[in-house]
Amino acid sequence: KNRKWVLAGGFTTAMIGLGVTSYADLTDELGSMYNRLLAGGTVVGLGIGSVYCIMTAALSDHTPPENRASAIGVYKLWRDSGYAVGGLLTGWLA
């Protein structure tokens, strides 16, 4: 099972996309700011999209069947809590 390579590739892809979006207003050589944000967001989405489905499968591989439901629940609780806390924190900081 080579899921670790898919995970590494997905995280690397997302990192590259974040790098593209971070330079959206600093350079003019790559095109308009909108195009860089759109391209970066698309690359981040592709990377994270490949990671989300594989993470649950990898978690299932390494968890005993009797604890699998709880492990997936805890993983998704913390992952999804990041959306709520991140959004609130970003709004507060802005």
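Analyst: Before we start, a definition: a residue is buried under 20% relative accessible area, exposed over 50%, and partly exposed in between. Keep in mind that this is a predicted model.

User: Okay, why is Tyr-52 called partly exposed?

Analyst: Tyr-52 has a relative accessible area of 29%. Partly exposed covers whatever falls between 20% and 50%, so Tyr-52 gets that label. Tyr-52 is found in helix α2.

User: What does Tyr-52 touch, leaving out residues up to four places away in sequence?

Analyst: Arg-79 and Tyr-83. A contact needs heavy atoms within 4.5 Å, so those two have atoms inside that limit. As for Leu-89, its C-alpha is 23 Å from that of Tyr-52, with the two positions 37 residues apart in sequence.

User: Why does Ser-60 count as buried?

Analyst: Its relative accessibility is 19%, and buried means under 20%, so Ser-60 makes the cut. Ser-60 sits in helix α2, which covers residues 33–61. Beyond its sequence neighbours up to four places away, Ser-60 touches Arg-68 and Ile-72.

User: Which other residues of α2 are buried, and what do they pack against?

Analyst: Among them are Arg-36, Gly-40, Val-44, Gly-47, Val-51, Ile-54, Thr-56 and Ala-58. The buried residues of α2 pack against α1 (3–22) and α3 (68–93).

User: How do you know what span to expect for α2?

Analyst: You take 1.5 Å times one less than the number of residues. With 29 residues in α2, the expected value is 42 Å, and the reach from the first C-alpha to the last is 42 Å, close to that expectation.

User: Where does α2 bend?

Analyst: At Ile-54, by about 25 degrees. That angle is taken between axes fitted to the seven residues ending at Ile-54 and the seven starting there. Ile-54 is also one of the buried residues of α2.

User: What makes Asp-61 and Arg-3 a salt bridge?

Analyst: The cut-off is 4 Å between a side-chain nitrogen of Lys or Arg and a carboxyl oxygen of Asp or Glu. The closest N and O atoms of Asp-61 and Arg-3 are 2.0 Å apart, which is within the limit. Asp-61 lies in α2 and Arg-3 in α1, so the pair ties together parts 58 residues apart in sequence. Side chains of opposite charge can pair when their charged atoms come close.

User: Are Asp-61 and Arg-3 buried, exposed or partly exposed?

Analyst: Asp-61 has 35% relative accessible area, so it is partly exposed. Arg-3 has 27%, so it is partly exposed as well.

User: How many salt bridges does this rule give?

Analyst: Two. Asp-80 and Arg-79 also meet in a salt bridge, with 3.1 Å from N to O, and the limit is 4 Å. Asp-80 is at 35%, so it counts as partly exposed. Arg-79 is partly exposed because its value is 23%, and Arg-79 is one of the residues that Tyr-52 touches.

User: Why is Trp-92 called exposed?

Analyst: Exposed means over 50%, and Trp-92 has a relative accessible area of 67%, so the label follows. Trp-92 is in helix α3. Together with Val-85, Leu-89 and Leu-93, Trp-92 makes a nonpolar surface patch of about 500 Å².

User: And what about Lys-4: buried or exposed?

Analyst: Exposed, because Lys-4 is at 57% and the cut-off is over 50%. Lys-4 is in helix α1, and its C-alpha is 14 Å from that of Ile-48, 44 residues away in sequence.

User: Last one: why is Asn-35 called partly exposed?

Analyst: Its 44% lies between 20% and 50%, so partly exposed is the right call. Asn-35 lies in helix α2. The C-alpha atoms of Asn-35 and Ala-24 are 8.5 Å apart, with the two residues eleven apart along the chain.

Notes
Residues are numbered from 1 along each chain as its sequence is written. This is a predicted model: local features need pLDDT of at least 70, side-chain atom pairs count only at pLDDT 80 or more; totals for chains, interfaces and linings use all residues. Side-chain values use heavy atoms; hydrogens and water are left out. Helices (H or I, at least four residues) and strands (E, at least two) are DSSP runs, numbered from the N terminus. Buried means under 20% relative accessible area, exposed over 50%, partly exposed in between (1.4 Å probe, protein chains only). Patches are made of residues with over 30% relative accessible area and no salt bridge: like charges are joined within 9 Å, nonpolar side chains (Val, Leu, Ile, Met, Phe, Trp, Tyr) within 5 Å. Accessible areas come from the Shrake-Rupley method with a 1.4 Å probe; for residues, only the protein chains shown count as cover.
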